[in-house]
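Here are my notes on the model you sent round. Have the fold open while you read, and shout if anything looks off.

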Amino acid sequence: MTILEKIIAHKQMEVDKLLEEARLFDMSKQPVPFKNRVTTSNEVQIISEIKRSSPSKGDIKAEVHPVTLAKQYEAYGAVAISVLTDNVFFKGSMKDLQAVAEVVQIPVLCKDFIIHTVQIDQAKAAGASIILLIAAALSKQKLHELYHYATEKGLEVICEVHQMEELEAILELDPAIIGINNRNLKTFEVDLQTTVKLASHIKNKNTLIISESGIITRSDALLARDAGAEALLIGETLMRSTNLFETYHTLKVSKIRRMHDAR
Ligand SMILES: O=P(O)(O)OC[C@@H](O)[C@@H](O)c1c[nH]c2ccccc12
């Protein structure tokens, strides 16, 4: 069993419990616009992630205070905050997301393994403006169903892909946003060339491309930018930073290639 299969099996149990509880979710919250903020900017934007722990790295910063960190991310210019809400494998929670969404003005991404519409309702009620749908975790039919459901609720969706077949399955949707995960969720291997390879197959210029995972240095940011990414999803590098001001400064690159950016 791969780690992704383990996570999904556990997620199914969580979903069954949620459905049993038959909670009513308040769906009246207005999401904060995301994509437009990225595409109209002159800089490659950073989606900053709150990630206490992960199955691949173990504890990164388990004792973090999400609200304090989110405020710092916002102050340093994050375009959105990603909050890991999976508890069993990432030590996050929907409570974290809710607390963060209450204090920041920027959009919040619910970073979880979504397999059922009830999780979308739950995320929206907690204050998420964006959700993630992971192609590796869903059948094509389910992916399409969840995508349409979330967009009907006014949420923006990042369709995450890691392999060509996954990209093909989501291109049929002509999605507004594609996240290319440089990390293989089955083996944890990270390769930034994943962004280079897959981005070249995304022909619609209106599709926003986000490069996700394993971005550590300025040259990583430049590599993703040159491949066509307009935003970067960064977790561990920010979580481990002891000087966020400097780290943002290092990772913030302009969308246009400049002389001093040459590697
Ligand atoms: O910490 P990193 O390497 O910067 O990665 C962040 C983010 O891309 C990663 O947490 C992630 C991308 N897709 C996911 C799906 C589920 C859980 C986590 C993820």
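1. A bit of vocabulary to start. A residue is buried if 20 or more other C-beta atoms lie within 10 Å of its own, exposed if 12 or fewer, and partly exposed in between, with C-beta atoms placed from the backbone. Helices (H or I, at least four residues) and strands (E, at least two) are DSSP runs, numbered from the N terminus.

2. Some ground rules. This is a predicted model, with local features needing pLDDT of at least 70 and side-chain atom pairs counting only at pLDDT 80 or more, while totals for chains, interfaces and linings use all residues. Residue numbers run from 1 along each chain as its sequence is written.

3. Now the barrel. Eight strands close up in the order E1-E4-E5-E6-E7-E8-E9-E10, with parallel pairing. From one strand to the next, the twist averages 25°, using axes that are lines fitted to C-alpha atoms (for helices over the stretch in contact) and angles from 0 to 180 degrees between N-to-C directions. Two strands count as paired if DSSP finds at least two bridges between them.

4. E4 (80-84) is a nice strand to look at. On one side E1 pairs with E4 in the parallel sense over four bridges, and Ser48 stands opposite Ile81. E4 is also joined by four bridges to E5 (residues 108-111), again running parallel, where Leu109 is the bridge partner of Ser82.

5. Which residues of E4 are buried on its two faces? Ala80, Ser82 and Leu84 are on one side, with Ile81 and Val83 on the other. That makes five of its five residues buried. In a regular strand, side chains alternate between the two faces of the sheet.

6. Helix H3 (residues 66-75) has Pro66, Leu69, Ala70 and Tyr73 as its buried residues. Viewed down the axis of H3, they fall within an arc of 100°, so they line one face of the helix; the arc is that of the directions from the helix axis to the C-beta atoms. The exposed residues Thr68 and Ala75 sit on the face turned away from that buried side.

7. What do the buried residues of H3 pack against? The partners are strand E1 (45-50), strand E4 and helix H4 (94-103), where contact means C-beta atoms, placed from the backbone, within 7 Å. After H3 comes Gly77, with a positive phi near 100°.

8. Over to the ligand. There are 15 residues around it, and Glu212, Ser213, Leu233, Gly235 and Glu236 come nearest; being near means a C-beta atom, placed from the backbone, within 6 Å. E10 and helix H10 (236-239) each supply at least two residues of this shell. By type, the shell divides into four nonpolar, five polar and six charged. Here Ala, Val, Leu, Ile, Met, Phe, Trp, Tyr, Cys and Pro count as nonpolar, Asp, Glu, Lys and Arg as charged, and the others, Gly among them, as polar.

9. Strand E9 (residues 208-212) is joined to E10 (residues 231-234) by three bridges, running parallel. Ala231 is the bridge partner of Ile210 there.

10. Two single residues to finish. Leu146, in helix H6 (residues 140-152), counts as buried because it has 21 C-beta neighbours inside 10 Å. Leaving out residues up to four places away in sequence, Leu146 touches Ile114, Thr117, Ile120 and Leu133. Ala125, in helix H5 (residues 117-126), is partly exposed, with 17 other C-beta atoms within 10 Å. With that sequence exclusion, Ala125 touches Phe25, Asp26 and Met27.

Note on methods
Two residues are in contact if their C-beta atoms, placed from the backbone, lie within 7 Å.
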